[in-house]
Amino acid sequence: MKKVISLLTAAALAASIMVGCGAESAAPAPTQAAETKAAEAADAKDETEATEAAEAAKDTGDAAAASGVDVANAKVGISIYKFDDNFMTLYRTELMRYLTEDLGFQASNITIQDGKGDQAEQTNQINNFINEGRDILILNLVQASSAPQITDLCTDAGIPVIYINREPEADEEARWDGTVTYIGCDARQSGTFQGEEIVETPNGGDINGDGKVSYIMIQGDPENVDAQYRTEFSVKALTDAGIEVEELFLQRGDWDQAKGQQLTQDALTQFGDQIEVVFCNNDAMALGALQAIEAAGRVVGEDIYLVGVDALVEACQNVLDGKMTGTVFNDHIAQAHTVGDTAVKMLGGEKVDSVIMVDYSKVTAENAQSVLDALS
Ligand code: BGC
């Protein structure tokens, strides 16, 4: 497995360290040159991190320039599991921008389709891409469990594939030979970071002082391993820290804000003040949960804690304003750039690693402003 250091994470880290040192400096916009990010990262105290970030910045610059691949004429097929998803909307927007503006792909040669949450429909789209003779496919599967069948379709046709966001099973990844890859983040890390954000609160999440942390869990679509891992590892971070936990409620909200609101409202009605922590597998559901929390007259940071994942701008603002305890940056920018750079390599016939992971990072009140600056 290859690991990519997120450029934006490195920049935010450098900025937060600078803020910590009293300098009035904001993290750079993500569109700034890789060299700038590397230079800023070099300010970071942790030399290893800065060096890795500098290497990552160099890689990004190299991929487009040194490829020698005729990207302008490359025909790309992209299918997103559902256009109506906050996080995947940010991701696909940055992916299209990076492919066309930074790497030189022609927008007219890229077709991006909405899988509409329907695997049969998405499989049809993929079959059409194959029949049209696309040079590479970038696929955010509706059902990751369809990967074996889709991989066979594409490899039989000799078309390289990059899976994104919804990770196929390990035994599927194990049979890939360098022409198929998964690019994403290790969801265990995001769950751990969520749990640590609760552990790091003044009372370690035990607001009522009864010796245990009573929580509710609003889950994403369990078809995506992100939901399973975030659920498991957020709680594990508490138990690993020696904290006793009590699960009051666990329901799937399918990554959706309205469902997050409804479920949190239901849980608050049923369990009231017993709820000390609301874990949401993503920010969209956390934004919904916050609406329910405020409607119930509860106050985040005083009588309840709330964490999400993704670092949507609205969520980072809530963290800054104390309305959310924290979130975790799911770096759609580094993921999109890694996808673009890897696509160039694969189009050039290069074999790539089967799994390429981008790091998550914590967003708390201390660094939310620098993350917001970096995202704007
Ligand atoms: C994100 C969610 C998103 C899901 C889509 C997750 O990694 O955190 O916000 O809805 O991917 O598959």
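Helix 5 and helix 6 are roughly parallel to each other, a label given to angles under 35 degrees. In this predicted model, local features need pLDDT of at least 70, side-chain atom pairs count only at pLDDT 80 or more, and totals for chains, interfaces and linings use all residues. Side-chain values use heavy atoms, without hydrogens and water, and residues are numbered from 1 along each chain as its sequence is written.

Helix 5 spans residues 119–131 and helix 6 residues 147–156. Helices are DSSP runs (H or I, at least four residues), numbered from the N terminus. The pair packs at an angle of about 10°, with axes 10 Å apart. Axes are lines fitted to C-alpha atoms over the stretch in contact, and angles run from 0 to 180 degrees between N-to-C directions. Gln 119, Thr 123, Ile 126, Asn 127 and Ile 130 of helix 5 meet Gln 149, Ile 150, Leu 153 and Cys 154 of helix 6 (contact: heavy atoms within 4.5 Å).

The largest nonpolar core has 73 residues. Such a core joins buried Ala, Val, Leu, Ile, Met, Phe, Trp, Tyr and Cys residues through side-chain atoms within 4.5 Å; buried means under 20% relative accessible area (1.4 Å probe, protein chains only). Phe 105, Ile 162, Ile 275, Val 278 and Leu 306 have the most contacts inside this core. Domain 1 (2–185 + 331–359) and domain 2 (188–329) both contribute residues, so the core lies between them. Domain bounds come from an automatic or database assignment. Another core, of 17 residues, lies apart and includes Ile 126, Phe 129, Leu 139 and Tyr 182.

Helix 14 (residues 368–375) is largely enclosed by the rest of the structure, because six of its eight residues are buried.

Conventions
Buried < 20%, exposed > 50% of the residue type's maximum accessible area, 1.4 Å probe, protein only. Helix = DSSP H or I, 4+ residues; strand = E, 2+ residues; numbered from the N terminus. Parallel < 35°, antiparallel > 145°, perpendicular 65-115°, else oblique.
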